[in-house]
Amino acid sequence: MNESYAECLVRRKVPFYSYIVNMVMGAITAFCILLAFTTNIIGVVLMFASGFVTYILYRNSRVEYEYLYVDKTLYVDKILGKAKRKKAWEGKMDDIQMIAPSDSYVLNDYKSANEKVLDFSSQVPGRKTYTAAVQAGPDAFKIIFEPNEKMIKCIAQTAPRKVVQ
């Protein structure tokens, strides 16, 4: 049996407003720590609450995507803060109609009125992104991702008519 395997990790660009929000929440947490030393239990509760919110905001602003292609199945995992992994999307090559560069004219044939766009790219301008047109039952998706050359070659080996390079 011919198995194909490729993986790729892409770090999403951290938005500018995230830095500002994290600094403000850090300052609020520092203020709550000082408040906890000078007041009663309310200051301690505020300290833990603001610390928890600061941690969650920081973790959710650092996002990475891992693409894994194994035996005609494409997996996309979302990694939050290099600590928590979630399955973002999974699709078989039978459901994927076409994979092409995002600026390709070939994707014009796969437009649908009620399609959903899932962006798993780094959102860095100038990077080469690919779009996968997916029809899973009645649902139509467009998946935007940034695979490396090895992954594109593995997908092209198993489904050469579905990949435009």
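This briefing describes a four-stranded sheet, a helix pair and an aromatic pair in a predicted model. Local features need pLDDT of at least 70, side-chain atom pairs count only at pLDDT 80 or more, and totals for chains, interfaces and linings use all residues. Residues are numbered from 1 along each chain as its sequence is written, and side-chain values use heavy atoms, with hydrogens and water left out.

**Sheet**

- The open sheet holds 4 strands in the order β1-β2-β3-β4 with antiparallel pairing; strands are DSSP runs of E with at least two residues, helices are runs of H or I with at least four, and both are numbered from the N terminus.
- Pairing requires that DSSP finds at least two bridges between two strands.
- At the edges stand β1 (5–11) and β4 (84–92), each of which pairs on one side only.
- Neighbouring strands are turned by 15° against each other on average, direction ignored; axes are lines fitted to C-alpha atoms, for helices over the stretch in contact, and angles run from 0 to 180 degrees between N-to-C directions.

**Strand pairs**

- β1 and β2 are joined in the antiparallel sense by 7 bridges, and arginine 11 faces glutamate 64 in β2 across this pairing.
- Antiparallel β2 and β3 share 8 bridges, with valine 70 opposite threonine 73 in β3.
- The β2–β3 hairpin has 2 residues between the strands, and aspartate 71 adopts a positive phi near 45° there.
- β3 (residues 73–80) and β4 run antiparallel and are also linked by 8 bridges; isoleucine 79 stands opposite arginine 85 in β4.

**Burial and aromatic contact**

- In β2, 6 of the 8 residues are buried, meaning under 20% relative accessible area, with exposed over 50% and partly exposed in between (1.4 Å probe, protein chains only).
- The whole structure contains 2 aromatic pairs; rings of Phe, Tyr and Trp (its six-membered ring) pair if their centres lie within 6.5 Å, and planes under 30 degrees apart count as stacked, over 60 as edge-to-face and the rest as tilted.
- One of them joins tyrosine 67 and phenylalanine 145, whose ring centres are 5.6 Å apart and whose planes lie at 75°, so the pair is edge-to-face.
- Tyrosine 67 belongs to β2 and phenylalanine 145 to β8 (residues 139–145), 78 residues apart, and both residues are buried.

**Helices**

- α1 (residues 16–38) and α2 (residues 41–61) pack at about 160° with axes 8 Å apart.
- This angle makes α1 roughly antiparallel to α2, a class for angles over 145 degrees, with under 35 roughly parallel, 65 to 115 roughly perpendicular and the rest oblique.
- α3 (residues 149–158) lies across β1, β2 (63–70) and β3, at about 140° to β1.

Key: Contact = heavy atoms within 4.5 Å.
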